[in-house]
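Have the model open while you read, and turn it as we go. We'll begin with the cysteines and then take a walk through sheet, helix and rings.

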Amino acid sequence: MLTVYTPHITPRITYIIQHIFQNILGMDCIISDEKDVFLKTKGACINYSTEKTGKGLWVYPDPLLLETGISRQIIVRGNWEDLPCFFLQKEGDIPFDIFAASFYLITRYEEYTDSETDAHGRFIAENSLAYREKFLQIPLVDRWSQILKKMISNREEDTESTPRNFRLISTFDIDHPFLYRNKGCIKNFAGGVGDLLRGRYDLVKKRLLTQLHLQPDPYQEIITRIDRLHHEHNKDYFLFILTGKYGKYDRRTIYPLRKYYRYLRSLYDVRFGLHPSYRASFDLERIRKEKENLEKKLESAVKRNRQHYLRMRFPETYDTLNKLDFTEDFTLIYPSQPGFRASTAIPFHFFNLQSDEHTELLIRPTVIMDTTFFAYLRLSPEESLLQIKELMKECHLSGGDFTMLWHNSTLADPEQNPWYKIFIECFLYGISLEKAYL
């Protein structure tokens, strides 16, 4: 049992210390504000105060975790064990306040103070501290935590912990259930004529056979393949279903049939989530209606969420999800950059900085999204694969979750599609890293 002494126990201190030691490092810990009790403690301990007590590992505190409310922080970079660090301190056994720095990154503090957004109302990756200081591709909080654990273990040989194991998490956004079906006669006729004029006779044939129900629609058929692949490897996966109305940034089909939802319910190891429509992104009542609609069609409760177009704002989006009884969210990734938006690969509960409240909503950080590589970074499939594998290795080092986001529309037509081959390589590589723990 690890004991952490601090003269002032606040919700912020409790939140980050419990997350680091219990969730990341798998260590039991207690937080005490009684100095006399701390000085008599046997075993591993940390002194998180401005006073040098001569006992335990000394971490000198920054004021951040004693504050309430939000104010723009002055960030100065230092280095610790070849890693960047912030909230530097002149005293203590390490050169910075690891708890304040971790809290700042995980709670996405900077997103409360930076009002600049892109065309879709999203925080801009390139404005983030992690991007500017070049650690976006490192789960920095996890790496700091592991070094801290080693320092504690070097002082106390009997330090017990339950290390986390790497996990591959597959998630898929179903923005468009069909490529050809249910798009209306005029749109399908125009699409067929366009393919014919461009000499794409194979697509004309495929469109016709699909419309006549002589072969499955490519966007639905790839879901079947995904389901079969995960079932063969005894892994579950997540499908996020877009149910909003037809629109420029939303569903392109006229309507999805009841038969389609029966098909979804027949899948093996799937876990469903809501993909709120573009127009619902910042509208609680629209999200509520879409959630209820999806629950009715799937005949089960829907507790997971990922925002369409990754449109989210702190803390409004997560406040909305809490009010609607969601338990998990998978939105936390930048659309334009792969990596660790909260500098961690390990799920954490949302902490609302405005109310200083630790909530029960579990945030599942996503590491890569398919469209980031070809739509934003303009990378080839082969170049993308190299980056993805490096990010997987980072997760493997920290025992984190490598959560990847793919779209059924990206993976369709697998025999001719290089991105499907990349997905398969990523999946099998992730499986091999999981087995390394067995």
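Let's start with C29, which counts as buried because its relative accessibility is 11%. Buried here means under 20% relative accessible area, exposed means over 50%, and partly exposed is whatever falls in between, using a 1.4 Å probe and protein chains only. C85 is buried too, with a relative accessible area of 0%. How many disulfides does the structure hold? Zero, where a disulfide is a pair of cysteine sulfur atoms within 2.5 Å.

A quick word on ground rules. This is a predicted model, so local features need pLDDT of at least 70 and side-chain atom pairs count only at pLDDT 80 or more, while totals for chains, interfaces and linings use all residues. Residues are numbered from 1 along each chain as its sequence is written, and side-chain values use heavy atoms, with hydrogens and water left out.

Now for the sheet. Four strands make an open sheet with parallel pairing, in the order β2-β1-β3-β4. Strands (E, at least two residues) and helices (H or I, at least four) are DSSP runs, numbered from the N terminus, and two strands pair if DSSP finds at least two bridges between them. At the edges sit β2 (29-32) and β4 (57-58), each pairing on one side only. Further in, β1 (residues 2-5) runs parallel to β3 (residues 45-47), and three bridges join them. If you want one of these to click on, V4 has I46 as its bridge partner in β3.

Next, a few backbone spots. F87 has a phi near 60 degrees, a positive value in a residue other than glycine. Look for F87 in the loop between β6 (83-85) and α3 (98-106); with a relative accessible area of 7%, F87 is buried. D325 also has a positive phi, near 65 degrees, and again the residue is not glycine. D325 is in the loop between α12 and β11, and at 49% relative accessibility D325 counts as partly exposed. There's a cis peptide bond as well, from F314 to P315, with omega near -5 degrees. P315 belongs to the loop between β10 (304-305) and α12 (316-323).

Swing over to helix α10 (residues 258-265), where Y260, Y261, Y263 and L264 are buried. Where do they point? Seen down the axis of α10, the buried residues fall within an arc of 150 degrees, so they line one face of the helix; the arc is that of the directions from the helix axis to the C-beta atoms. R258 and K259 are exposed on the other side of α10. The buried residues of α10 pack against β7 (167-174), α9 (218-232), β8, β9 (270-274) and α11 (284-298), with contact meaning heavy atoms within 4.5 Å.

That brings us to the rings. Rings of Phe, Tyr and Trp (its six-membered ring) pair if their centres lie within 6.5 Å; planes under 30 degrees apart count as stacked, over 60 as edge-to-face and the rest as tilted. By this rule the count comes to 28 aromatic pairs. Take F238 and F330: their ring centres are 5.0 Å apart with planes at 45 degrees, so the pair is tilted. This pair links distant parts of the chain, 92 residues apart, with F238 in strand β8 (residues 237-241) and F330 in the loop between β11 (328-329) and β12 (348-352). F238 is buried at 7% relative accessible area, and F330 is buried at 0%. Back in the helix we just left, the rings of Y260 and Y261 have centres 5.7 Å apart and planes at 80 degrees, so that pair is edge-to-face.

Ring pairs also join F172, Y237, W406, Y420, F423 and F427 into a cluster. Zoom in on F427, in helix α16 (residues 418-435), which is buried with a relative accessible area of 0%. Leaving out residues up to four places away in sequence, F427 touches L168, S170, L229, H230, H233, K235 and M404. The C-alpha atoms of F427 and I169 are separated by 9.2 Å, though the two are 258 residues apart along the chain.

Finally, two charges over rings: the charged end of R313 sits over the ring of F282, 3.8 Å from its centre, and that of K389 sits over the ring of Y429, 5.0 Å from its centre. To qualify, NZ of Lys or CZ of Arg has to be within 6 Å of the ring centre and within 35 degrees of the ring normal.
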